[in-house]
Structures are given as C-alpha cells and as structure tokens.
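Work through the exercises below with the sequence and the model at hand. Each task is followed by a solution in steps.

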Amino acid sequence: MTATCTGRAARPALAAELVTDGAAFARLAPAWDRLFGRCAAATPFQSHAWLHSWWLSYGGHGRLRLLLVRSGEELVAAAPLMLVRRPLPALVPLGGPISDYADLLLDDGDSGGAAGALTETLADAARTALIDLREVRPGGTAERVYDRWPGPRRALPDSLCLELPAVPMDGLVARLPSNKAQRVRAKLRKLTALGVRRRTVGPEEVDAALGRLLELHRLQWQGRKVTSEHLSPRFRAHLVRAVGPMVRSGNAVVTEFRIDGEVVAVDLTLLSSGLAGGYLYGAHPGLRERKVDVAVMLLDACAEQAAVGGRGTLSLLRGDEPYKHHWRPEPVVSRRLLLARRRTAPLLSAALCDAAARQRGKEVLLRWRERGQD
C-alpha cells in the first residue's frame with residue numbers, strides 16, 4: 001500500500017506504507033521512538049518497546065498491520081494495528097486487554113498533511129474490515145483521524161479511568177478533607193517507623209526485579225480472584241522484554257520497597273511525556289499483618305515519579321475500585337472509535353448492535369445483583 005501527497009515545496013513528499021512483517025516492525029524502533037517523543041498525546045502503551053514486545057507474545061501470524069506515513073525518511077504518523085476475523089473482520093490496536101490505553105501516533109508539528117495521509121491510508125484499509133479503536137483516551141491522536149473520517153463512524157464510551165494531577169504526595173494529601181488527610185499522614189509516618197525504604201531499580205537489575213514483582217503479585221493474590229493473565233508465562237515474557245528498554249528510555253520506573261534489607265514490594269510505573277500510571281505491583285501478604293497501607297505506599301512513590309518532568313496526569317488507569325476514590329480523582333471515560341466505509345457499514349451496524357446488547361446485559365446483571373443485596 002503506497003500513497004504520496006505533496007506539501008510545501010520545501011518539505012519532502014508524504015508517503016504511506018503498510019508493514020506486515022514482524023522483523024520490519026523490530027527495525028522501526030529508532031524511528032518509532034522519535035515519533036513517540038514528538039507526540040504529546042501518546043501514552044506509554046504506544047511506545048515501540050511495549051507494542052513490539054506485546055506482538056511477540058500475543059500477535060498472530062499474518063495479522064500485523066502497521067500503517068505508516070513518512071516525510072522523506074522520517075516517520076510522522078503511525079497506526080499500530082492487527083487484523084482479527086472474529087467476531088467481525090476488523091483492524092484493532094496492538095496491545096490488547098493488558099494495555100490500558102490505545103491510540104495512533106502523529107507528529108505534534110503536523111499541520112494536517114500527515115493526519116490526512118494517515119486517514120486516507122486507514123480508509124483504504126477499511127474497504128474490507130471495520131476499524132475498531134478501543135480505549136482511546138480523550139484528546140488522543142485517533143480523535144484527529146475520527147474528525148476527518150469520510151465514511152460512517154460512531155464513538156462509544158469505553159472503560160473508565162481515574163486520574164489525579166501529577167503532583168508530589170503532599171499535593172495529593174492537600175486535596176483531601178482534613179480528617180482524611182490526617183489519616184494519610186499517619187499512614188506515611190507508620191511506613192517511616194517500620195523502616196520501609198524504597199529505591200529505584202537500575203536498568204541492569206530490571207529483569208530480576210520484575211521476577212520478584214510477579215512472584216509477590218502471585219503471593220498477594222493467592223486464594224483470591226486475580227487476573228489470571230498476569231500469572232501466565234507469555235505475560236511474564238512480554239513484561240521482561242518490554243520494561244528493560246522502557247526503563248532505559250525513561251518510559252518506565254521499577255521501584256523496590258525493603259524492610260530490614262528484604263524486598264517486601266515491587267512497583268512498575270509506566271511513563272510518557274504527559275502521563276504516569278501505576279501499572280502493576282506485587283506486595284508481600286505480611287504487609288497487611290503489619291497494617292501497612294500498601295496503596296498509600298505505592299501512590300507516594302508513583303506521585304514522586306509523576307511530578308518529575310512536568311507531566312500533567314497521574315493516572316490510576318482502568319478500574320473503579322473504591323480505594324481509588326479516596327483520593328478524589330477525576331473520572332475520565334475512554335472512547336471506542338468505530339470507522340467504516342460504505343461497503344463495510346454493515347460491520348459497523350453489527351458492532352453497534354453487539355455493544356448495545358452487552359451494555360443491556362451489564363445493566364440486567366447489575367440490577368440482579370442489587371436485588372440480591374436487598
């Protein structure tokens with residue numbers, strides 16, 4: 001797939017291409033990383049290290065669809081997608097359910113040419129498949145393509161994420177009512193009294209630290225409902241493969257917490273230019289016996305990382321767990337952007353019917369549970 005459009009005379013022509021080969025995806029790392037650094041809306045889940053590692057663990061043979069736009073030799077736009085056949089033929093973002101956000105990449109300096117070329121390339125791809133972009137954070141790059149889309153389109157609400165300002169812990173505590181703020185300060189003092197020490201793990205230690213994180217994660221959830229994928233070998237391989245390069249590039253931080261020299265918790269925070277998010281942690285069950293508030297301990301470390309570099313958002317990522325609301329976060333609903341051509345409009349209709357049926361099912365289940373509680 002190629003397309004060329006000419007901008008101003010002083011600028012190189014824009015050329016679009018389709019990449020379907022995994023080895024070619026790997027070779028894109030330097031150019032992809034430069035584009036990622038020039039896209040302020042990008043989240044850590046659009047970094048090359050995360051997406052390529054995810055593809056190695058979860059991708060299917062013959063399904064890779066990377067839609068790229070170059071200006072000369074430089075990458076200025078990218079749509080990291082894959083083809084799925086079920087339940088409908090669709091192009092969906094790489095990253096899957098283990099990624100809290102999905103999006104496209106577009107150079108912040110683009111005056112419209114690259115966005116137009118990417119939209120045109122996506123429209124060409126949509127001749128035989130629906131484009132189904134899940135978990136797009138409000139303000140994401142994909143919205144610029146959605147606004148330009150020439151065919152049938154629909155935007156639906158997707159997952160809820162809770163967000164805080166990217167300020168140090170003192171700033172987060174100051175947002176709380178005085179009685180709650182006093183309790184948080186008491187919990188922080190308890191961490192000091194117990195001798196909890198934290199340190200940032202260096203790049204050469206990341207693999208070992210992630211092994212400890214996953215083992216502690218398994219221990220903390222033993223006997224309770226847990227996301228089973230986090231315990232799988234393919235997830236472990238993905239995490240170890242992705243996080244090392246992300247730490248070296250400044251897109252991830254691994255923090256260990258120790259008491260008397262023993263590692264009692266490990267946290268993984270993912271970073272981009274505008275956002276920090278606590279992605280996964282493992283904590284020894286013995287911390288509960290010592291009445292340690294693990295959430296306060298982790299947020300203290302994550303807030304410190306988020307405040308560095310002028311990031312605007314500390315995301316608590318997907319989920320509406322009650323403990324997150326203690327911090328008075330802002331609820332932010334991601335979007336699902338569905339794009340079709342006239343010939344694929346029936347696929348759009350089918351996706352909308354499926355989404356409506358699932359929503360009705362959730363509402364019925366919620367009412368059933370509420371009646372059971374009553």
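Two strands count as paired if DSSP finds at least two bridges between them. The coordinates are those of a predicted model.

**Exercise 1. Strand partners of β8**

Task: Determine which strands pair with β8, in which sense, and which residues stand opposite C161.

Solution.
Step 1. Take β13, residues 313-318. Four bridges connect this strand with β8, and the two run antiparallel. With a threshold of at least two bridges, β8 and β13 are paired.
Step 2. Take β14, residues 330-339. Nine bridges link this strand to β8, residues 153-165, again in the antiparallel sense.
Step 3. Locate C161. Its partner in β14 is V332, and in β13 it stands opposite R318.

**Exercise 2. From β4 through β5 to β7**

Task: Trace the pairing of β5 with β4 and with β7, and describe the link between β4 and β5.

Solution.
Step 1. β4 and β5 run antiparallel and are joined by four bridges. L83 is placed opposite L91 of β5.
Step 2. The connection from β4 to β5 is a hairpin through five residues.
Step 3. β5 also pairs with β7, residues 130-136, but here the sense is parallel, over two bridges. L91 has I131 as its bridge partner in β7.
Step 4. Combine the residue pairs: L91 stands opposite L83 and is bridged to I131.

**Exercise 3. The loop between β4 and β5**

Task: Is R86 buried or exposed, and what is the geometry of the peptide bond from R86 to P87?

Solution.
Step 1. R86 sits in the loop between β4 (74-84) and β5 (90-93), and P87 is found in that loop as well.
Step 2. The relative accessibility of R86 is 76%. The cut-off for exposed is over 50%, so R86 counts as exposed.
Step 3. The peptide bond from R86 to P87 is cis, with omega near 0°.
Step 4. For a distance check, take D132, which is 46 residues from R86 along the chain; their C-alpha atoms are 12 Å apart.

**Exercise 4. Buried faces of two helices**

Task: For α8 and α2, list the buried residues, decide how they are arranged about the axis, and name elements that cover them.

Solution.
Step 1. α8 covers residues 206-220, 15 residues in total, and spans 21 Å from first to last C-alpha, close to the expected 21 Å.
Step 2. Its buried residues are V206, A209, L210, L213, L214, L216, H217 and Q220. Down the axis of α8 these residues fall within an arc of 165°, so they line one face of the helix.
Step 3. A helical repeat accounts for such spacing: an α-helix has 3.6 residues a turn, so residues three or four places apart point the same way.
Step 4. Elements covering the buried residues of α8 include α9 (233-249), β10 (252-259), β11 (262-271), β12 (275-283) and α10 (286-289).
Step 5. In α2, residues 29-37, the buried residues are A29, A31, W32, L35 and F36. Their arc around the axis is only 165°, which puts them on the same side of α2.
Step 6. Among the elements covering these residues of α2 are α1 (22-27), α3 (48-58), β3 (64-71), β4 and β6 (105-106).

**Exercise 5. Nonpolar cores**

Task: Which members of the largest nonpolar core touch the most other members, and what does V254 contact?

Solution.
Step 1. The largest nonpolar core has 63 residues; W50, L239, V254 and Y279 touch the most other members.
Step 2. Beyond four places in sequence, the contacts of V254 include V206, A209 and L210, which are also among the buried residues of α8.
Step 3. Further contacts of V254 include V243, V247, V266, D267 and L268.

**Exercise 6. Positive phi**

Task: Compare the settings of L317 and R328, two non-glycine residues with positive phi.

Solution.
Step 1. L317 has phi of about 60° and lies in strand β13. Its relative accessibility is 4%, so it counts as buried.
Step 2. R328 has phi near 55° and is found in the loop between α12 (322-325) and β14. With a relative accessible area of 48%, R328 is partly exposed.

**Exercise 7. Confidence**

Task: Which residues have pLDDT under 50?

Solution.
Step 1. The chain has a mean pLDDT of 93, with 96% of residues at 70 or more.
Step 2. Residues 2-9 stay under 50, and the model gives them 11 contacts beyond four places in sequence.
Step 3. Where pLDDT is low, the predicted coordinates should not be read in detail.

Definitions and conventions:
Residues numbered from 1 in each chain as written. Predicted model: local features only at pLDDT ≥ 70, side-chain atom pairs only at ≥ 80, totals over all residues. Heavy atoms only, no water. Core = buried A, V, L, I, M, F, W, Y, C linked by side-chain atoms within 4.5 Å. Buried < 20%, exposed > 50% of the residue type's maximum accessible area, 1.4 Å probe, protein only. Contact = heavy atoms within 4.5 Å. pLDDT = per-residue confidence, 0-100. Expected span 1.5 Å × (residues − 1). Arc of directions from axis to C-beta.
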